[in-house]
Amino acid sequence: MSAHKGSLTVPIQASIDRTIDDLMVSLPDPDRLLPDERRGLIARYAAVLEGNFIYWMTAARLAVASDEAKAIIEDNLREEVRDNHPGMLRRFALAAHAAPTDSDALAVYRNLENVRLFVARLSAVKIVLMMAFFEGFITRFMPYLADLAARQGSAEREYTDVHGVVDIVHTEGLFRALEAEMMLLRPDVPEPTTSLFTGVETLQALIQNVIHPHGALVADGAESTAAAA
Ligand SMILES: [Fe+2]
């Protein structure tokens, strides 16, 4: 085996970083958000994360075959469950007066369903890559989310403090899991590089939908999810 550690995933990680950069640049200026837009952004984030993160990480665990990936993902799941991260997020949303309503759930429904349909295919490499992207985005997004909550009059910081730190470690772990799974792919039947990103793109559309509920223009001028999906 000539590939040295990390060599398979370095260009993939760079691409994920660019995708996260694009999402961060597309975030609306908090000074220009109306109170209900600010509340809605927190609420849609909570609607997507609270009930789905552990489920999608569980799907990644079911999909992978390597012992290394299994161990990394199980550690991640153990922490989510043991430290009650869904409860932590719910407290964060409640303190910001931004618990998701029916219409918040409806605003992300179609893009959320698309991610569920992707996850249902249990494609190991693609799901692990999607979750590495998810963890990486969450880490970068925490200061913005904390700022919105503060503007909502909330002093609750546990969720954003914990996820600004732990998810750096989780992202690194998931790229090691990705590497381990990619090593299992038969080298004579290479996976087309573009299709590796199916899950990332589906989740990217959902996150754009969290940020821009009505498909507002994103930073590069491309139309975002609600119009394109
Ligand atoms: Fe978490």
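In the predicted model, the buried residues of helix H9 are Gly199, Val200, Thr202, Leu203, Gln204, Leu206, Ile207, Gln208, Asn209, Val210 and Ile211, so that the helix is mostly covered, with 11 of its 14 residues buried. For these 14 residues, which run from 198 to 211, a rise of 1.5 Å a residue predicts a span of 20 Å, and the end C-alpha atoms of H9 are indeed 20 Å apart, in agreement with that expectation.

Helix H6, which comprises the 18 residues 102-119, should span 26 Å by the same reckoning, and the 24 Å that separates its end C-alpha atoms agrees with this value. The helix nevertheless bends by about 55 degrees at Tyr109. Buried positions in H6 are Asp104, Ala107, Val108, Asn111, Leu112, Val115, Phe118 and Val119.

The largest nonpolar core contains 62 residues, of which Ile42, Val128 and Met131 touch the most other members. Helix H7, spanning residues 124-151, gives the most to this core, contributing 17 residues. When residues up to four places away in sequence are not counted, Val128 touches Ala60, Val64, Ala69, Leu174, Ala177, Leu178 and Glu181.

Asn52 lies in the loop between helix H2 (35-49) and helix H3 (53-63), and it counts as partly exposed because 18 C-beta neighbours fall inside 10 Å, whereas a buried residue requires 20 or more. Although Asn52 and Arg116 are 64 residues apart in sequence, their C-alpha atoms are 8.9 Å apart in space.

How values were computed: Residues are numbered from 1 along each chain as its sequence is written. This is a predicted model: local features need pLDDT of at least 70, side-chain atom pairs count only at pLDDT 80 or more; totals for chains, interfaces and linings use all residues. Helices (H or I, at least four residues) and strands (E, at least two) are DSSP runs, numbered from the N terminus. The expected span of a helix is 1.5 Å times one less than its number of residues. The bend at a residue is the angle between axes fitted to the seven residues ending there and the seven starting there. A residue is buried if 20 or more other C-beta atoms lie within 10 Å of its own, exposed if 12 or fewer, and partly exposed in between; C-beta atoms are placed from the backbone. A nonpolar core is a set of buried Ala, Val, Leu, Ile, Met, Phe, Trp, Tyr and Cys residues joined through C-beta atoms within 7 Å. Two residues are in contact if their C-beta atoms, placed from the backbone, lie within 7 Å.
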